[in-house]
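Reader: I have a structure to study and some questions about it. Can we go through them one at a time?

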Amino acid sequence: MGKRIIVLASGAGSNLAALTAADLGGRIVAVVTDRADAGALMRAEQAGISGDTIPYPAFPDRAAWARALEGNVAEHEPDLVVLAGFMRILPPEFVTRWPTLNVHPSLLPAFPGARAVEAALAWGVKVTGSTVHLVDEEVDHGPIVLQEAVAVRPDDDAGSLHERIKTVEHRLLPRAVSLFCADRLRVEGRYVRILQ
Ligand code: GRF
């Protein structure tokens, strides 16, 4: 049986689009956002996938919002949760309940956090990149599945650099999801072995 995948997103949804265009060996059963204006909802609709929003400001606190999100996700009985540009921190109960993949626009452990592309530029690095990792209780911290470097050009700004990183993400994230769906990821402590 193919794996059931839920995608959580907050933004434009280009990574979601890359996932829907790929042969994942699993099925995206729903897309859930934290904001009603997320472009990802339109991408979901275009791909014929059900889309839902659990709006963060509608809840008294993070815990209440996270419980509502968890309830929504649980209804879809996912085998895998994919954070494709999801800009909220999820509580430990959530990230330990389902295997969860995240895509982050830097070579972790460098530049964790929400403004990774800006931080890399401000530091003056010559190389940054993209990381797909399994999510654990700490932000941008879990075992790394795939990484690829992107060279920083002298005339880059955050927009141009992020665009080139996204081009890489659009390959790495579907690849990581398909490896998961094929049961080819084996976690050994911090190390993720990719089975042949
Ligand atoms: C990606 O660069 C991802 O790494 C970061 O947010 C961005 C989302 O882009 N966490 P999109 O919404 O998939 O276009």
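Reader: In which strand is the place of Leu 146?
Author: The model is predicted, so keep that in mind throughout. Residues 144–151 form one strand, and Leu 146 has its place there. That strand is S7.

Reader: Is Leu 146 buried or exposed?
Author: Buried means under 20% relative accessible area. Leu 146 has 15% relative accessibility. Therefore Leu 146 counts as buried.

Reader: Which residues is Leu 146 in contact with, leaving aside its neighbours within four places in sequence?
Author: Contact means heavy atoms within 4.5 Å. Setting aside neighbours within four places in sequence, Leu 146 touches Ser 130, Thr 131, Val 132, Leu 172, Arg 175, Ala 176, Leu 179 and Ile 194.

Reader: What distance separates the C-alpha atoms of Leu 146 and Gly 11?
Author: Along the chain, Leu 146 and Gly 11 are 135 residues apart. In space, their C-alpha atoms are separated by 22 Å.

Reader: Which residues are around the ligand?
Author: Gly 11 is one of them. The full set is Gly 11, Ala 12, Gly 13, Ser 14, Asn 15, Gly 85, Val 103, His 104, Pro 105, His 162, Lys 166 and Glu 169.

Reader: How far from an oxygen atom of the ligand is the polar side-chain atom of Lys 166?
Author: Backbone atoms also approach ligand oxygen. A polar backbone atom of Gly 13 is 2.8 Å from a ligand oxygen, and one of Val 103 is 3.2 Å from a ligand oxygen. For Lys 166, a polar side-chain atom is involved, and the distance is 2.7 Å.

Reader: What share of the ligand's exposed area does the protein bury?
Author: Take the ligand alone, and it exposes 360 Å². Of that area, the protein buries 92%.

Reader: Where is Ser 106 found, and is Ser 106 buried or exposed?
Author: Ser 106 sits in the loop between strand S5 (100–104) and helix H5 (116–123). Its contacts, neighbours within four places in sequence aside, are Phe 111, Ala 116, Thr 128, Gly 129, Ser 130 and Thr 131. Its relative accessibility is 0%, so Ser 106 counts as buried.

Reader: How many salt bridges does a search of the whole structure find?
Author: One of them joins the side chains of Arg 35 and Asp 37, at 2.8 Å from N to O. Arg 35 is partly exposed, and Asp 37 is exposed. Searching the whole structure gives 8 salt bridges.

Reader: How many residues apart are Lys 3 and Asp 183, which meet in a salt bridge?
Author: The side chains of Lys 3 and Asp 183 meet at 3.1 Å, N to O. Lys 3 is in strand S1 (residues 3–9), while Asp 183 is in the loop between helix H6 (158–181) and strand S8 (185–188). This pair links distant parts of the chain, 180 residues apart.

Reader: With which residue does Asp 34 form a salt bridge?
Author: The closest N and O atoms of the pair are 2.9 Å apart. Asp 34 is buried at 4% relative accessibility, and its partner is partly exposed at 31%. That partner is Arg 88.

Reader: How far apart are the end C-alpha atoms of helix H3?
Author: Helix H3 (residues 62–75) has 14 residues. At 1.5 Å a residue, the helix should span 20 Å. The model agrees, because the end C-alpha atoms are apart by 20 Å.

Reader: What covers the buried residues of H3?
Author: The buried residues are Ala 64, Trp 65, Ala 66, Leu 69, Glu 70, Asn 72 and Val 73. Their cover includes S1, S2, strand S3 (51–53), S4 and H4.

Technical notes:
Residues numbered from 1 in each chain as written. Predicted model: local features only at pLDDT ≥ 70, side-chain atom pairs only at ≥ 80, totals over all residues. Heavy atoms only, no water. Salt bridge = Lys/Arg side-chain N within 4 Å of Asp/Glu carboxyl O. Helix = DSSP H or I, 4+ residues; strand = E, 2+ residues; numbered from the N terminus. Buried < 20%, exposed > 50% of the residue type's maximum accessible area, 1.4 Å probe, protein only. Expected span 1.5 Å × (residues − 1). Near = heavy atom within 4 Å. Polar contact = N/O pair within 3.5 Å; in protein donor to acceptor, adjacent residues only side chain to side chain. Areas by Shrake-Rupley, 256 points an atom, 1.4 Å probe, with all protein chains shown as cover.
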